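Trainee: Please pick one part of this model and go through it closely with me. I'd like to begin with what is packed inside and then work outwards from there.

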Amino acid sequence: MSQLEPTPRTTLKRGKDRGSYELADIHGILDDGLACQLAFIHNGSPHIIPTAYGRVGSTVYVHGAAANRALRALCNGETACLSVTHIDGLVLARSAFHHSMNYRSVVLYGPMREVTEHCEWQAGLRAIIEHMMPGRWDDVRSPNEQESKRTMVLALEIDEGSAKVRTGPPVDDEEDYALGCWAGVIPTTTHFATPIDDPRLAAGIEVPHYVTHYPRAKRQNGAAR
Ligand SMILES: Cc1cc2nc3c(=O)[nH]c(=O)nc-3n(C[C@H](O)[C@H](O)[C@H](O)COP(=O)(O)OP(=O)(O)OC[C@H]3O[C@@H](n4cnc5c(N)ncnc54)[C@H](O)[C@@H]3O)c2cc1C
């Protein structure tokens, strides 16, 4: 399967030329993100949780405190909605109406599943840590029994969803191109500053290579990886 099947709720109606159901696009946008927004209904009220995540194949993992009742309620079979957005540029048009942003976004739907099997639980947690900082998992202490009991890992299968991407200059009304105001795109970049040692770092520990060579550091958003 190279693309998701559109469903009634994922069929793009507005700006559908910007939409994609290709798994390569969806995975790429997910992999470039750091945090997602996880939305769900709990006790009749909408909730949204910004949270870290990681992907293994066609599964997205998030984690939280086992005591988190809202997260636990997510595992009762109700549909959740998970979204990741990148802002790649500010699109300044000649009219207020046509101002926009260049972006890449993904919206996924589906029931969340609590991961109870230990190997998958560990793989999910590893994916979340490695998503943030590749190379980190093998460098740090693994969760102990207490920490494992206190940490819930949830999985969402990438079965239903869509991506949407805007690129390029503003699209103005033809008669507005003669106006005297500046128009164009301000590209955005993601910048990670120089790492700061923990004040309690033991003497003689260098910043690891995977940190100094962090692949996300200083790059133009949306540029080819
Ligand atoms: C950073 C950013 C800024 C934006 N600013 C604006 C704005 O100011 N005004 C505006 O109208 N729109 C904006 N959009 C686009 C917005 O996300 C919607 O796509 C658009 O408003 C159409 O909404 P709709 O409910 O009519 O879409 P529909 O086409 O009816 O949506 C149907 C389905 O398509 C999918 N879908 C819709 N939008 C997206 C998306 N962005 N990413 C992935 N899947 C999607 C979802 O599954 C949704 O249920 C912005 C998007 C981003 C990422």
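Mentor: Happy to. Let's start with the largest nonpolar core, which has 28 residues; Leu 30, Leu 82 and Leu 108 are the ones that touch the most other members. A nonpolar core here is a set of buried Ala, Val, Leu, Ile, Met, Phe, Trp, Tyr and Cys residues joined through side-chain atoms within 4.5 Å. Buried means under 20% relative accessible area, exposed over 50%, and partly exposed in between, with a 1.4 Å probe and protein chains only. Keep in mind that this is a predicted model: local features need pLDDT of at least 70, side-chain atom pairs count only at pLDDT 80 or more, and totals for chains, interfaces and linings use all residues. Residues are numbered from 1 along each chain as its sequence is written, and side-chain values use heavy atoms, with hydrogens and water left out.

Two or more core residues come from each of helix H1 (23-32), strand E2 (35-42), strand E5 (59-65), helix H2 (69-73), strand E6 (79-92), E7 and strand E9 (151-157). Helices (H or I, at least four residues) and strands (E, at least two) are DSSP runs numbered from the N terminus. H1 supplies the largest share of this core, four residues. For a feel of the packing, look at Leu 82: beyond its neighbours within four places in sequence, its contacts include Leu 30, Cys 36, Val 60, Val 106, Leu 108 and Leu 156. Contact means heavy atoms within 4.5 Å. Apart from the largest core lies another, of eight residues, including Val 115, Leu 125, Ile 128 and Ala 155.

Leu 30 turns up again beside His 131, which sits in helix H3 (residues 118-132). Among the residues His 131 touches, not counting those up to four places away in sequence, are Leu 30, Asp 31, Tyr 53 and Arg 216. His 131 counts as buried because its relative accessibility is 11%.

Now for the ligand. Of the 15 residues around the ligand, Arg 9, Lys 13, Ser 105, Ser 162 and Lys 164 come nearest; a residue is near if one of its heavy atoms lies within 4 Å. A backbone N or O atom of Arg 9 is 2.6 Å from a ligand oxygen, and a polar side-chain atom of Tyr 109 is 2.9 Å from one. Strand E7 (100-111) and strand E10 (160-166) each give two or more residues to this shell, and E7 gives the most, five.

Conventions:
A polar contact is a pair of N or O atoms within 3.5 Å; within protein, one must be able to donate a hydrogen and the other to accept it, and residues adjacent in sequence count only if both atoms are side-chain atoms.
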